[in-house]
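Me: I've got a structure open and I'd like to learn to read it feature by feature. Can you walk me through it, starting with a single side chain?

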Amino acid sequence: MPLTHKVTLQDTSFTNPSLVSHHGRVFIAWAGTDSQHHLNVMSSPDGEHFGNKVTLGDTSVADPCLASFRGRLFIAWSGTDSDHHLNVMSSADGLHFDHKVTLGDTSYVEPFIVPYHDRLFIAWTGTDSGRHLNVMSSEDGHTFANKVTLGDTAFVNPSLAVFNSRLHIAWSGTDGSHRSEE
């Protein structure tokens, strides 16, 4: 199906926005162009008319990622602290965010989150010298465990998707041609 309708918001972002469907609404999140790059969230009942903008007190070095999991809207991002810790926060209504978790892991680029088999998975490119890919999961979106560090590396963020009852990860490699891999 071709894209047939363009909506231009008055807000601006220095990174890519994130979209997710949650409770019959489409939510968009982005890091603002203000000097601190505050996180912003807005929603629409029809994909055309956006409102209920929320500017969070949190800031990011890259674009955030949204996911709908266990009836809550989750947002994940790399912080602007000196180590760029990964953060996850959620909301029951898309307006009031709480349950912020700051992970011990770090990334210079945005993480990616997706629900799969009753768990919320987070994937990111690490800040280690090799920039290894990492994946971790949570049963409740608050306590993350079972970290797996892959032997593969990336300069940018990975993506996650669920297809045919399997979790898939894709990334651009760090080889000379930056081949996309899965």
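Reply: Sure, let's start with K53: at 41% relative accessibility, K53 counts as partly exposed. Keep in mind that this is a predicted model.

Me: How do I read that percentage, and which class would D11 fall into?

Reply: Under 20% is buried, over 50% is exposed, and partly exposed is what sits in between. D11 has a relative accessible area of 29%, so D11 is partly exposed.

Me: What joins D11 and K53?

Reply: Their side chains form a salt bridge, with an N to O distance of 2.4 Å. To call a salt bridge, you look for a Lys or Arg side-chain nitrogen within 4 Å of an Asp or Glu carboxyl oxygen. A search of the whole structure turns up 5 of them.

Me: Why does the D11 and K53 pair tie together separate parts of the chain?

Reply: Check where each partner sits. D11 is in the segment before β1, while K53 belongs to strand β4 (residues 51-59), so the bridge ties together parts 42 residues apart in sequence.

Me: What salt bridge does K147 make?

Reply: K147 pairs with D105, at 2.6 Å from N to O. Here too distant parts of the chain are linked: K147 is in strand β12 (residues 144-153) and D105 in strand β8, 42 residues apart.

Me: Are the two partners buried or exposed?

Reply: Take them one at a time. K147 has a relative accessible area of 42%, so K147 is partly exposed. D105 comes out at 16%, and therefore counts as buried.

Me: Which residues does D105 touch?

Reply: For contacts, skip the sequence neighbours up to four places away; what remains for D105 is H84, H85, L86, W124, M136 and K147. D105 itself lies in strand β8, which covers residues 97-106. Its link to K147 can also be read as a polar contact between side chains, at 2.6 Å.

Me: Which side chain does E139 meet in a salt bridge?

Reply: That would be R119, with 3.1 Å between N and O. Read the positions as before: E139 is in the loop between β11 (132-138) and β12, R119 is in strand β10 (residues 119-125), and the two are 20 residues apart. With a relative accessible area of 18%, R119 falls under the 20% limit and so is buried.

Me: Let's switch to the backbone. What is the phi of N52?

Reply: For phi, note the sign and then the residue type. N52 has a positive phi of about 55°, although N52 is not a glycine. You'll find N52 in strand β4, and its relative accessible area of 45% makes it partly exposed.

Me: What about D118: what is its phi, and where does the residue lie?

Reply: D118, also not a glycine, has a positive phi of about 60°. D118 lies in the loop between β9 and β10. Its relative accessible area is 59%, so D118 is exposed.

Me: Now the empty space. How do people find pockets?

Reply: Rolling a probe the size of a water molecule over the atoms shows where empty space is left. In this model, the largest pocket holds about 320 Å³ of space. It is lined by 14 residues, and those closest to its centre are V7, L9, L19, I28 and F50.

Me: How does the lining of that pocket divide by residue type?

Reply: There are 7 nonpolar, 5 polar and 2 charged residues in the lining of the largest pocket.

Me: And what is the volume of the second largest pocket?

Reply: That one has a volume of about 210 Å³. Of its 15 lining residues, P17, S18, P64, C65 and F112 are the closest to the centre. Three elements each give two or more residues to this lining: β1 (18-22), β5 (65-69) and β9 (112-116). By type, the lining of the second largest pocket has 10 nonpolar, 3 polar and 2 charged residues.

Me: One last spot: where is S82?

Reply: S82 is in the loop between β6 (72-78) and β7 (85-91). At 71% relative accessibility, S82 counts as exposed. For a sense of distance, pick a second residue and compare C-alpha atoms: S82 and P115 are 33 residues apart along the chain, and their C-alpha atoms are separated by 29 Å.

Terms used: Residues numbered from 1 in each chain as written. Predicted model: local features only at pLDDT ≥ 70, side-chain atom pairs only at ≥ 80, totals over all residues. Heavy atoms only, no water. 1 Å grid on protein atoms, 1.4 Å probe; cavity = no way out; pocket = protein on both sides within 12 Å on 5 of 7 lines; lining within 4 Å. Points joined across faces, edges and corners; volume = space filled by probe spheres on them. Nonpolar A, V, L, I, M, F, W, Y, C, P; charged D, E, K, R; others polar. Helix = DSSP H or I, 4+ residues; strand = E, 2+ residues; numbered from the N terminus. Polar contact = N/O pair within 3.5 Å; in protein donor to acceptor, adjacent residues only side chain to side chain. Contact = heavy atoms within 4.5 Å. Buried < 20%, exposed > 50% of the residue type's maximum accessible area, 1.4 Å probe, protein only.
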